[in-house]
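Work through the exercises below with the structure open beside you. Each task is followed by a solution in steps.

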Amino acid sequence: MAPNSPPDQKQGFVEIEPVLDTHHTMETVTDKISAIPLSNTLPRSILGVGFAALLLLGSLMGAIFFLVVEGTGIWGINQPVGWGFDIINFVWWIGIGHAGTLISAILLLLRQEWRTSINRFAETMTIFAVMCAGLYPLLHTGRPWLAYWLFPYPNVMEMWPQFRSPLVWDVFAVSTYATVSLLFWLTGLVPDFATLRDRAKGKIAKVGYGIAAMGWRGSARHWQRYEIAYLLLAGLSTPLVVSVHSIVGLDFAVSVIPGWHVTIFPPYFVAGAIFSGFAMVLTLAIPVRAIFGLKDMITLNHLDNISKVMLATGLMVFYGYGMEVFFAWYSANEYEGFMKFNRMFGPYWWSYWALILCNGIIPQILWFKKVRTSPIILFFLSIIINIGMWLERFVIIVTSLHRDFLPSSWGMYAPTKFDIAMYLGTIGLFLFLMVLAIKFLPIISQFEVRELLHKKQHKNGH
Amino acid sequence: MSSLTPSTQNTPASVREQLSLVEARQQLEGQTGRRFWRSLDELSRKESFGDLLQQEFPRFSAEWDPMHRRTFLRLMGASLALGGLTACTRQPREKIIPYVKQPENMIPGKAQFYATTATICGYGFGLLATSHMGRPTKVDGNELHPASLGGTDAALLASILTMYDPDRSQSPRRKGGATAATWETFDAELQAQLEQQTAAKGAGLRILSGPVSSPTFLALMKEVTTRFPSAVWHTYEPVSRSGWYEATVAAFGQKLDPVYNLADADVIVSFDADFLSLGPAHVRMARDFGSRRSVEAGSMNRLYVAESQMSTTGAAADHRLALTPDAIESVARAVAHALGVAVTGSHDTPHAAWAEALAADLKAHAGRSVVLAGEHRSPALQALALAINAQLGNLGKTVTLIKPITATGASLADLAQAIDAGSVQALLMFDVNPAYDAPADLALAERLAKVPFTIQHGLFDDETGALSTWHVPASHYLEYWGDARAFDGTTSLVQPLIEPLYKTRSELELLAAVAGRPGTSGYDLVRATWLDTLGGDLAFKRALHDGLLADTTEAAVSVSLAWKDAGPGETPTTPDQLDLAILPDYAVADGRLANNGWMQEMPRPITTLTWDNALLISEETGGRLGLATGDLVELDSGNGKVTAPVLVAVGIPVGAGVVHMGYGRTAAGRVGNGVGFAVSPLQTAASPHRASVRVRKTGDGFEFALTQESHTIAGRNHLRVGTVSDFKADKKFVMKFGEFGGKETPSIFPPHDYSQGPQWGMVIDLSACIGCNACMIACQAENNIPVVGKDQVRRGREMHWIRVDRYYEGRAADAAVHHQPMTCVQCENAPCEAVCPVAATVHSTDGINQMVYNRCVGTRYCSNNCPYKVRRFNFYKFADHETPSLKLQRNPNVTVRARGVMEKCTFCIQRISEARIKARREDRAIADGEVVTACQQACPTRAIVFGDIRDPMSEVSKRKESPLNYGVLAVLNTRPRLTYHARIRNPNTSLETSSPMESSHHGA
């Protein structure tokens, strides 16, 4: 037993705790989780995913190469649709990241114990999703090598960014979010890195995990400081869950374009982000728990809880769609009305109705407990929701821009192969990083599960 | 340099591969852009290239040596075949020497202006050319010249690009390329040919040109005929006007030219005459027409149009009928009959009410009306129009007849006959391209091959050049001396702005050689014509300065009508065939401008089609034939077939189609080759502009590049149209569409201070706008706007800063067409500025929304947030930074934009700055009218007014006070600085009772 573990307790559970299977002991928890990074092999399925992801990563590199050499003209964007896949995917990825922060921070503060076995997973996802998201605003600019002008830094031009622009707010929001999420994730990893360091057999692994563990010895002082730091970071992250996607919502709401100029965007975007984030957690966690046999740690109760969050946020999003229609009618604004009509019955009608189906109607099956505890159904549902949330951004961005005020400027948008290559490429990047994380990191927080176990064993306090 | 220099010393020239200029050209042919230059580079490395150079430029071959790099570079600048080699060479040490005598007023960034003259169908058009450091960069109308009065059209504005066209021919070329082709060898061969002809008094010598008004040319032609009395001069214009002269002969017994005074015409009737866009006087006619389209300034004119196409004139009409030519003629005959003109036979028409109302209107405005017939229509219809004018007493008032301004020779058909008879030994062709554009039944391409010795003199080595013994390159009008006479006889001089860019000669110089005076310079020829007539050098200079010779208008000929109705001249087409109108294109005319990127990319008025021609048919015809936009069809006239894509358009008569000339070029150059389809197979010498065709669907598809795909206003109020009676009933009727200016809403941002200095604003009068696109091309020339190509236009990435929006109103068959020029409206509360993250678009103190290109990172949010969608983004590196000749055209006061930055209208900020600097130096305020934007300057109808809106006395302020003034989307509280005057139509109340706009709008 590693010296950093809490005192060993070999007693079994008295009662059934659905968030952690009963037979676990401190040792089995650590054994099971650390076995994945410390073993020399990976299951074939994971290797297959990793290989496919690598290919997609190649397409990302190619797409970026051509983009930098040729210009944004290789994409399908045009006049009037100045943003296309670039911003759709940016918002989509940012939204996906949200579940991680919510699980880590808010559920921690709310003392939701069931978060423990999925928080590492969700946080990792957050970091990688933000990385994918971050590529887009950088690369979508006409001159990406000058994108640093969006940061406020002292310079000889004596120029500051233009602080009225929501794109500048975005820079602050996303970079803060990325930084805090990264710190939170790394901080949480330190005790587990120490466990891996102590258990590693290979020299490289020992040194590598040793450096990552930053001298963690598990002393009481370490634990005390750690707890404070973690709590503080959780406190810092909490407003970020709300702020980031609110500001992404403001990217649109601040404009004058019908379909963008919508006051409910900030909360509606946050709900959508959490909705899609939890869907992505399911998309990834369901196969992982099956492949690595983690069903005793990521239990059906987890899936049930996640589903309930999705149901709630999904209803908020659906309400948002309803309100948009209501506003279009109630405002009696001809442009607003036309926009809504065009979304429903214009050339992109299919995207609107597919969105309603994916995000509004199909998720209603989550009212049934049977569905909420069926991993297979949930897996497919989560993919449908991911598609739906992508469509939501497509509908907001493309159908608003392609027909705005002056009919003379109306146009159509269609992605090019480079748009698609870049989108698939970011999915590849994300999956590749996830595979790497599964291979090298404890994908379930070991010490937190042990802590949970400890709490369960001393349920009545001592 | 050394790495590129072929080592001619090593191998004897005889054993080396021989390379002719033709081969060199072939190697380069079809290569565009970077590939073109790379091919050049490869070519230049060949050893045989040195030989070729020796052959082509014997005088310069010594300079093909690293030691004389400067001379070499000059040579390269003059030679297309050598362009692009400057890269990657080490610069040798050289001294630069400043001017010993600095040319006066040659200040970098400061433009100089010179008057010169362009020609339209042989008629003169006075221009004012802008020159920067000896480079002409732009042409505009000459305010003193009667054909212009300051305005221009798109084609003239784009003509400057043709001068800098890198595909222009730069050296003579002999067929086969066996003989070294230089001007020297050409001269020798020409003189030898002429010697041969002298014996037969020139019986085998023929000259083919367009109609000519140039007095010097005609004087030289006289010399030629003195030297060769049996030589024959043929003239030929693809846009035929022969019917017009036949009509004047029928009506008055002599050939006459018309001068229409539309400024005095209260009622104008057009029977298929697109007088606002075609003909030598169209800019002036548009000006005069526009001057009578203001409901506030006095009585508006009323325009009736019956036409077989959808023309800009038709779009400007108060009443319009879309009819096939025979139906137009029956309307004309009904009108004539109602007016008491003696017409024989039937004068029935299904449009009797229309004809009656029109006749009554004409009667009420006898002497103050004009009836025009299309010059491509039958002589009978045109003569009828003259007879109606005579009956109304318009002759001498609104219609003046003068002796023909252009001289014409024998016809092209005569030439074809002469070739068949074997009587043509030598043929000299000036600026004509019969191998491409002659009607198919003349089979000129085959016939030209039968002539032993042919010379083609032109700007391009075109389709005809390829068939000729010699192609010799012509100078552009901005490079040579000459003269021309305008539609009313006003004579003006063609003054060169620049030494010929290449080794070229003008028509006059070449004709002088034929006349027996080889080597005479154009300057001497023109001076010889005018010096004595004008009475000295000072008067000559005056004429050059003003751009015209004072008091040279042609006196009116007094005529009396000797017309007898010979029955209708237009026959109906059988119902199973399509009645096809074959018309000059709005952009490339007869194909002359096919290699001009500006024109290819200019949306054709009304259809907004770019980079193509099409078979235009109405929706109903399409339904009958089972055709939709994008279908490829085969048109078969019996004489020839062409394959054309279908574009369903409004305003085309049922059962009729329209195709445009000037496409399907094979030797136009890199821009024009392979664009669209040629229509000449459908043309015949007898009927060049009308054909009956069978239509067969091929089953293939085609994708057009249209700049506007939405046709209607979608019930919105940014285009406001009313009638004179609407205005009289309620002067503020415009406000029924919605208020101008949203309410001042509170803002968390501090407001801009607009209380100091000039505050620039603009008003565009939609009543005057005819949608001709001159503003667009003027802006393109002024602001270095790139051409993006068909594929990019298709993707919606055209770069024009000002565009002409077009909206249809009413049913497709007889929809009204409205134009709305749209450019950055310079919002006082600009949505673009608030969202730019790097402050690349900011507001100036004089109220202009500015783009700082250097600062732009290209997020495109400004464009997304622009309600008017007037911002343009450089998705690629659209600006051509490579082609050397195109660089010369650029306005040095306007940045050439890089890839990845946004751009848009600046209200011609460079012109404002220039005026401000000047005013400040003279310690005064900028006067009203001192700053003229490029679009405003070009506008033939003076629809655009620009100035300081803080000055209550300025023209623009007065216009903004008008009740017709409104702002587009002002409801968004953008406070646009560009506002519009609602379009006022002047319908005949007996034909139309309510405004369709009004009835569809309910004052929402």
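Helices, of at least four residues, and strands, of at least two, are runs assigned by DSSP and numbered from the N terminus. The model is predicted.

**Exercise 1. Describe the make-up and overall form of chain A.**

Step 1. Count the elements: chain A has 15 helices and zero strands.

Step 2. Compare the radius of gyration with the globule rule. The radius for chain A is 23 Å, close to the 23 Å that the rule gives for 462 residues, so chain A is as compact as a globular protein of that length.

Step 3. Take the extents. The C-alpha trace of chain A spans about 75 × 55 × 40 Å along its principal axes.

Step 4. Look at burial and contacts. Of the 462 residues in chain A, 52% are buried. Among contacts in chain A with a separation of 6 or more, 82% are between residues 24 or more positions apart.

**Exercise 2. Characterise the side of chain A that touches chain B.**

Step 1. Establish who takes part: the contact takes 39 residues from chain A and 43 residues from chain B.

Step 2. Find the elements. Those giving two or more residues to this side of chain A are α5 (166-199) and α10 (334-345) of chain A. The most comes from α5(A), with three residues.

Step 3. Sort the residues by type. This side of chain A divides into 20 nonpolar, 14 polar and five charged residues.

**Exercise 3. Trace the six-stranded open sheet of chain B and find its edges.**

Step 1. Write down the order, which is β4-β15-β14-β13-β5-β6 (chain B), with mixed pairing.

Step 2. Identify the edges. In chain B, β4 (173-174) and β6 (232-235) each have a single partner strand, so one side of each is left without a neighbour in the sheet.

Step 3. Recall how strands are held side by side. Strands of a sheet pair through backbone hydrogen bonds, either parallel or antiparallel.

Step 4. Examine one edge. Two bridges join β4(B) to strand β15 (residues 470-473) of chain B, and the two run antiparallel. Here R174(B) stands opposite W470(B) in β15(B).

**Exercise 4. Is helix α9 (residues 282-290) of chain B mostly covered or uncovered?**

Step 1. Apply the cut-off: a residue is buried if 20 or more other C-beta atoms lie within 10 Å of its own.

Step 2. Count. Nine of the nine residues of α9(B) are buried, and the helix is mostly covered.

Step 3. Name some of them. The buried residues include H282(B), R284(B), D288(B) and F289(B).

Step 4. Find the cover. What covers the buried residues of α9(B) includes β3 (135-141) and β7 (257-260) of chain B.

Methods. Residues numbered from 1 in each chain as written. Chains lettered and ligands numbered in written order. Predicted model: local features only at pLDDT ≥ 70, side-chain atom pairs only at ≥ 80, totals over all residues. Contact = placed C-beta atoms within 7 Å. Nonpolar A, V, L, I, M, F, W, Y, C, P; charged D, E, K, R; others polar. Pairing = 2+ DSSP bridges. Buried ≥ 20, exposed ≤ 12 C-beta atoms within 10 Å, placed from the backbone. Rg over C-alpha atoms; globule rule 2.2 N^0.38 Å.
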